[in-house]
Amino acid sequence: MIDRFPSLAYFSAMAKLPIITLPDPLLRKPSAPIERVDDDLRRLMDDMLETMYAAPGVGLAAVQVGVPRRLVVLDVTGDEEEKQPIFLVNPVIVEHGSEMRLHEEGCLSIPDVRIEIERPAQVTVRYIDRDGKARELVARDLLATAVQHEIDHLDGKLIIDFLSRLKRDIVVRKFKKQAKAEPAD
Ligand SMILES: [Zn+2]
């Protein structure tokens, strides 16, 4: 999810990963659960975080860098604030508030498209953390929106699914045309 202006690189040891975009069919594939939190997974978390900060974005799901596993990284802090990265392994929303929040969402996999979406303003998420511990997070406001946006990615759901079929087809057609126009590398 996009919601910030460019910020400085995080750690130079991390590596930036290519982000897949519409109409890549992988974006529609449900991600598989992660069985073990190990150093390889933590490396992926770090690389995803750098990719997200550089994009810039406030959330990124592993499937967006071509890895269809249930992993999400997030950081909704502003540029002037200290960074607060969040890593969610196998996240599940276990509760949501009744109050709704409207937000114009962008997606790193659907460049230059923003869609107003209403979602619960507060969600409770159960997940495994970077150290393999089971945890719960109560997310509010922008973080709640971002968490829901990223968990949708793990289920192959995109922000264009909130549009009418007609409008969604227009967006998809535009990206298919662009993909055809771009020479293969
Ligand atoms: Zn997205």
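A residue is called buried when its relative accessible area is under 20%, exposed when over 50%, and partly exposed in between (1.4 Å probe, protein chains only). By that criterion, the buried residues of helix α1 are Leu41, Leu44, Met45, Asp47, Met48, Leu49, Glu50, Thr51, Met52 and Tyr53. The model is predicted: local features require pLDDT of at least 70, side-chain atom pairs count only at pLDDT 80 or more, and totals for chains, interfaces and linings use all residues. Residues are numbered from 1 along each chain as its sequence is written, and side-chain values use heavy atoms, with hydrogens and water left out.

Helices (H or I, at least four residues) and strands (E, at least two) are DSSP runs, numbered from the N terminus.

**Open sheet**

- Five strands form an open sheet in the order β1-β2-β3-β6-β7, with antiparallel pairing; two strands count as paired if DSSP finds at least two bridges between them.
- Strands β1 (59-61) and β7 occupy the edges, each with a single partner strand, so one side of each has no neighbour in the sheet.
- From one strand to the next, the twist averages 40°.
- Strands β2 and β3 are joined in the antiparallel sense by 4 bridges, and Leu71 stands opposite Val89 in β3.
- Strands β6 and β7 run antiparallel and are joined by 7 bridges; Gln122 has Arg140 in β7 as its bridge partner.
- The hairpin of β6 and β7 has 5 residues between the strands, and Gly132 there takes a positive phi near 85°.

**Helices on the sheet**

- Helix α1 (residues 39-54) packs on the sheet and touches β1, β2 and β3, its direction making about 45° with that of β2; contact means heavy atoms within 4.5 Å.
- Angles run from 0 to 180 degrees between N-to-C directions, and the axes are lines fitted to C-alpha atoms, for helices over the stretch in contact.
- The cover over the buried residues of α1 includes β1, β2 and β3.
- The 16 residues of α1 should span 22 Å at 1.5 Å a residue, and its end C-alpha atoms are 22 Å apart, in agreement; the expected span is 1.5 Å times one less than the number of residues.
- Helix α2 lies across β1, β2, β3, β6 and β7 and runs at about 125° to β7.
- Of the 14 residues of α2, 13 are buried, so the helix is largely enclosed by the rest of the structure.
- For α2, the expected span of 20 Å agrees with the 21 Å between its end C-alpha atoms.
- Gly156 follows α2 and has a positive phi, near 75°.

**Nonpolar cores**

- A nonpolar core is a set of buried Ala, Val, Leu, Ile, Met, Phe, Trp, Tyr and Cys residues joined through side-chain atoms within 4.5 Å.
- The largest such core has 20 residues, of which Leu74, Leu88, Ala139, Leu143 and Val147 touch the most other members.
- Two or more residues of this core come from each of β2 (71-74), β3 (86-96), β6 (122-128), β7 (134-140) and α2 (141-154), with α2 giving the most, 7 residues.
- Not counting residues up to four places away in sequence, Ala139 touches Ala121, Gln122, Val123, Ala144 and Val147.
- Apart from the largest core lies another, of 16 residues, including Ile34, Met45, Met52 and Leu108.

**Zinc site**

- The zinc ion has as protein donors Cys107 (SG), His149 (NE2) and His153 (NE2), which lie 2.1 to 2.3 Å from it.
- Donors are N, O and S atoms within 2.8 Å of the metal (3.2 Å for Na, K and Ca); water is not among the atoms, so sites may look incomplete.
- The sequence spacing of the donor residues is C-x41-H-x3-H.
- Cys107 in strand β4 (residues 100-107) and His153 in helix α2 are 46 residues apart and link distant parts of the chain.
- Cys107 is buried at a relative accessible area of 0%, and His153 is also buried, at 0%.

**Strands β4 and β5**

- Strands β4 and β5 pair in the antiparallel sense over 8 bridges and form a hairpin with 2 residues between them.
- Within this pairing, His103 stands opposite Ile117 in β5.
- Pro111 lies in strand β5 (residues 110-120) and counts as partly exposed at 32% relative accessibility.
- Beyond its neighbours within four places in sequence, Pro111 is in contact with Thr21 and Phe175.
- Pro111 and Leu22 are 89 residues apart along the chain, and their C-alpha atoms are separated by 8.7 Å.
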